[in-house]
Amino acid sequence: MSLIELKDIHKIYQMGEIEVPVLRGLSLNIDQGEMVALMGSSGSGKSTLMNILGCLDRPTSGKYCLDGADITDYSNDQRANLRNKKIGFVFQNFNLLPRTSALENVIMPLAYSDEVISKEEEIEKAKKILIRVGLGDRLDHYTSQLSGGQQQRVAIARALINNPPVLFADEPTGNLDSKTTAEVLEMFKELHEKDRITIIIVTHEVEVASHTEKIIRLKDGQIEEQD
């Protein structure tokens with residue numbers, strides 16, 4: 001079953017009086033539980049595509065269905081609510097709060113959740129996820145006290161706290177050494193295989209993409225190849 005369905009997506013940016021097309025009639029399907037890599041050179045449109053898929057931006061035209069719902073014309077508030085419920089994000093630069101503990105960083109998205117739980121339940125939920133990503137002994141450490149790999153694990157735990165069906169990772173290993181990269185990719189693989197989370201990784205690294213089930217290559221705002 002398709003979790004994500006794009007039909008004839010165009011994205012045009014207006015630069016003064018000039019129209020700059022970035023996505024040009026792009027269509028794709030991503031099934032529930034797939035692990036996918038988006039690849040392409042600078043200017044290929046992969047970042048714009050991820051922003052649309054992640055409900056951070058909307059297409060100029062075309063149709064976007066997520067989890068069976070047509071969300072093409074959702075308002076900013078509707079898209080923000082959808083992101084909180086169904087989408088997790090992991091970024092190259094981690095985007096963690098610096099003078100805040102690992103535990104507090106992971107708890108943070110719960111403040112915007114519709115689910116009302118006690119502070120004790122929030123802490124317990126965050127602890128379980130941090131233990132799962134191998135940081136049970138770093139709960140109270142500030143992000144400045146953690147290595148790059150540990151910070152990325154905190155970011156992954158934070159992305160998972162609301163149990164989203166889809167996880168977007170934007171160059172998630174770009175700031176990591178080869179050993180830590182392998183560990184993070186293994187973690188994504190485990191989440192994909194055990195929890196059937198749909199994982200979409202934006203990367204320019206062939207080695208990273210090789211860990212996924214499907215590679216979608218973009219060129220000039222269109223899908224050049226899928227394998």
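**Pockets, pairs and a few odd residues in a predicted model**

Leu 218 sits in strand E9, which runs over residues 214–219. The model is a predicted one, and in it Leu 218 counts as buried because its relative accessible area is 3%, under the 20% cut-off. Along the chain, Leu 218 is 175 residues apart from Gly 43, yet the C-alpha atoms of the two are separated by 9.4 Å.

A little before this, Thr 212 is found in the loop between helix H7 (206–209) and E9. Thr 212 is buried too, with a relative accessible area of 12%. Its side chain is in contact with backbone on two counts: the side chain of Thr 212 reaches the backbone oxygen of Ala 209 at 2.7 Å, and that of Lys 214 at 3.2 Å.

Next comes the open space. The largest pocket holds about 470 Å³. Its lining is made up of 17 residues, and those closest to the centre are Asn 84, Ile 87, Phe 89, Pro 109 and Arg 158. Three elements each supply at least two lining residues: helix H2 (76–86), strand E6 (87–91) and helix H5 (148–160). Strand E6 gives the largest share, with four residues. Sorted by class, the pocket lining has eleven nonpolar residues, four polar ones and two charged ones.

One of the residues closest to the pocket centre, Arg 158, deserves a second look. Arg 158 belongs to helix H5. What is the nearest side chain of opposite charge to this buried residue? That side chain is Asp 170, but it is 12 Å away, and Arg 158 has no salt bridge. The gap rules out a pairing with Asp 170, because a salt bridge needs the nitrogen and the carboxyl oxygen within 4 Å. Arg 158 does have a polar partner in the backbone, though: a polar atom of its side chain lies 2.9 Å from the backbone oxygen of Phe 94.

As for enclosed space, the structure has one cavity of 30 Å³ or more. The largest cavity comes out at about 50 Å³. Its lining consists of Ile 52, Cys 55, Asp 57, Arg 58, Pro 59, Tyr 64, Ile 71, Thr 72 and Arg 79. By class, that lining splits into five nonpolar residues, one polar residue and three charged residues.

Back to charge pairs. Side chains of opposite charge can pair when their charged atoms come close. Across the whole structure, a search turns up eleven salt bridges. One of them ties Asp 195 to Arg 132, with the closest N and O atoms 2.6 Å apart. This pair links distant parts of the chain, 63 residues apart: Asp 195 is in helix H6 (residues 178–195), while Arg 132 is in helix H4 (residues 119–132). Are the two partners buried or exposed? Neither label fits: Asp 195 is partly exposed at 35% relative accessibility, and Arg 132 is partly exposed at 40%.

Another salt bridge brings together the side chains of Asp 137 and Arg 138, at 3.0 Å from N to O. Here Asp 137 counts as exposed because its relative accessibility, 51%, is over the 50% cut-off. Arg 138, by contrast, is partly exposed, with a relative accessible area of 25%.

Arg 217 and Glu 225 also form a salt bridge, with their closest N and O atoms 4.0 Å apart. Both partners are partly exposed, Arg 217 at 24% relative accessibility and Glu 225 with a relative accessible area of 39%. Elsewhere, salt bridges with shared partners connect Arg 153, Lys 179 and Glu 183 into one network.

The backbone has a couple of oddities as well. Most residues other than glycine have a negative phi. Which way does phi go at Asp 67? It is positive, at about 55°, although Asp 67 is not a glycine. Asp 67 lies in the loop between strand E4 (61–66) and strand E5 (69–70), and it counts as partly exposed at 33% relative accessibility.

Asn 95, another residue that is not a glycine, has a positive phi of about 55°. Asn 95 is placed in the loop between E6 and helix H3 (102–107). With 46% relative accessibility, Asn 95 is partly exposed.

Technical notes:
Residues numbered from 1 in each chain as written. Predicted model: local features only at pLDDT ≥ 70, side-chain atom pairs only at ≥ 80, totals over all residues. Heavy atoms only, no water. 1 Å grid on protein atoms, 1.4 Å probe; cavity = no way out; pocket = protein on both sides within 12 Å on 5 of 7 lines; lining within 4 Å. Points joined across faces, edges and corners; volume = space filled by probe spheres on them. Nonpolar A, V, L, I, M, F, W, Y, C, P; charged D, E, K, R; others polar. Buried < 20%, exposed > 50% of the residue type's maximum accessible area, 1.4 Å probe, protein only. Lys, Arg positive; Asp, Glu negative; His and termini not counted. Polar contact = N/O pair within 3.5 Å; in protein donor to acceptor, adjacent residues only side chain to side chain.
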